[in-house]
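Me: I'm new to this one and would like to go through it with you piece by piece. Could you bring it up so we can start?

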Amino acid sequence: MPIRAFIFDLDGVITDTTEFHYLAWKRLADEEGITFTREDNEQLRGVSRRESLNRMLKGRPVDETTAQTWMTRKNDYYREYLQHITPSNLLPGVSRFLADARAAGLKLAIGSASKNAREVLDKLAILDHFDAVGDGYSVMNTKPAPDLFLWTAGRLGIPPIEAVVFEDAEAGIDAALAGGFWTVGIGQTNLMRAHMVVPDLAALTVSEVLERLNER
Ligand code: B16
Ligand code: MG
């Protein structure tokens with residue numbers, strides 16, 4: 001099956017908002033007297049806001065009203081940091097990679113767990129580069145469930161076997177594999193289940209991806 005589409009995770013693949021998520025959760029945690037480190041933050045990569053809160057709480061019980069208030073507060077802090085995002089926040093190689101993929105005739109989409117994905121893409125000035133945007137509003141079941149990538153591929157009209165998912169999080173690689181997609185792991189984290197792993201998109205060309213995955 002020829003590869004006809006690329007689906008990109010946003011945070012950690014296109015731009016690095018992980019630091020902003022960290023600062024926002026850290027602010028909330030400090031205010032509430034909860035210990036929260038950068039290592040703790042690594043466990044939140046790619047998982048939903050709700051699951052992030054659960055992981056931050058590490059079993060500490062909070063009632064539903066408090067949980068909702070805390071998630072709103074974290075998101076308010078996060079959105080303050082987002083105001084500083086500009087096209088200079090694109091990760092290395094992203095602009096060239098997207099342009100080359102488009103020139104190769106591939107369909108392009110975003111598959112992000114974030115409810116702020118459209119705003120981030122807008123601030124990066126690349127929203128119009130994508131044929132579809134799957135985000136935190138698109139499906140109920142979040143990564144590692146395959147639903148978001150399946151929804152996004154459906155919007156493109158491309159079956160999973162003809163699409164590659166680029167992900168920086170284990171939850172995202174597992175979601176893509178569960179959906180029957182090809183996978184490229186991005187970054188230094190432990191993404192051994194991915195079909196290919198590279199440090200960032202600057203280390204990869206579109207033809208390399210197509211050649212290596214079409215061979216398999
Ligand atoms: P929000 P991705 C994910 O984005 C982040 O990696 C994760 O840390 C965050 O909790 C999640 O989005 C939800 O974000 O609170 O903005 O809805 O990696 O799937 O692009
Ligand atoms: Mg990510």
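Me: Where does the largest pocket lie, relative to domain 1 and domain 2?
Reply: Keeping in mind that this is a predicted model, the largest pocket lies between the two domains, because domain 1 (5-16 + 87-215) and domain 2 (18-82) both give residues to its lining.

Me: OK, and what volume does that pocket have?
Reply: The volume of the largest pocket comes to about 570 Å³.

Me: How many residues line it, and which lie nearest its centre?
Reply: The lining of the largest pocket is made up of 30 residues, and those that lie nearest the centre are Val47, Ser48, Arg49, Ala113 and Ser114.

Me: Which helices supply at least two residues of that lining?
Reply: Three helices are to be named here, α1 (18-31), α3 (49-57) and α4 (64-82), each of which supplies at least two residues. Of the contributions to this lining, that of α4 is the most, with six residues.

Me: And what's the lining like by class, nonpolar, polar or charged?
Reply: Sorted by class, the lining of the largest pocket holds 14 polar residues, together with nine nonpolar and seven charged ones.

Me: Switching topic: in what order do the strands of the sheet come?
Reply: The six strands form an open sheet in the order β3-β2-β1-β4-β5-β6, and their pairing is parallel. At the edges are β3 (132-134) and β6 (196-198), each of which pairs on one side only. Direction ignored, neighbouring strands of this sheet are turned by 20° against each other on average.

Me: How many bridges join β2 to β3?
Reply: Strand β2 (residues 107-111) runs parallel to β3 and is joined to it by three bridges. As for single residues, Ile110 has Val133 in β3 standing opposite.

Me: Which strands does helix α5 touch?
Reply: Helix α5 (residues 94-103) packs on the sheet, where it touches β1 (5-8), β2 and β4 (163-167), and the direction of the helix makes about 155° with that of β1.

Me: Last thing, how many cavities of 30 Å³ or more turn up in the whole structure?
Reply: A search of the whole structure finds one cavity of 30 Å³ or more, and the space in the largest cavity is about 50 Å³.

Me: Which residues line that largest cavity?
Reply: Its lining consists of Ala113, Asp135, Gly136, Val139, Asn141, Thr142, Lys143 and Leu148; by class, three are nonpolar, three polar and two charged. Ala113 was also named above, among the residues that lie nearest the centre of the largest pocket.

Key. Residues are numbered from 1 along each chain as its sequence is written. Chains are lettered from A and ligands numbered from 1 in the order in which they are written. This is a predicted model: local features need pLDDT of at least 70, side-chain atom pairs count only at pLDDT 80 or more; totals for chains, interfaces and linings use all residues. Side-chain values use heavy atoms; hydrogens and water are left out. On a 1 Å grid over the protein atoms alone, a cavity is a set of points where a 1.4 Å probe fits but cannot get out, and a pocket is an open set with protein on both sides within 12 Å along at least five of seven lines; lining residues have an atom within 4 Å of a point. Grid points are joined across faces, edges and corners, and a volume is the space filled by probe spheres set on the points. Helices (H or I, at least four residues) and strands (E, at least two) are DSSP runs, numbered from the N terminus. Ala, Val, Leu, Ile, Met, Phe, Trp, Tyr, Cys and Pro count as nonpolar, Asp, Glu, Lys and Arg as charged, and the others, Gly among them, as polar. Domain bounds come from an automatic or database domain assignment. Two strands pair if DSSP finds at least two bridges between them. Axes are lines fitted to C-alpha atoms, for helices over the stretch in contact, and angles run from 0 to 180 degrees between N-to-C directions. Contact means heavy atoms within 4.5 Å.
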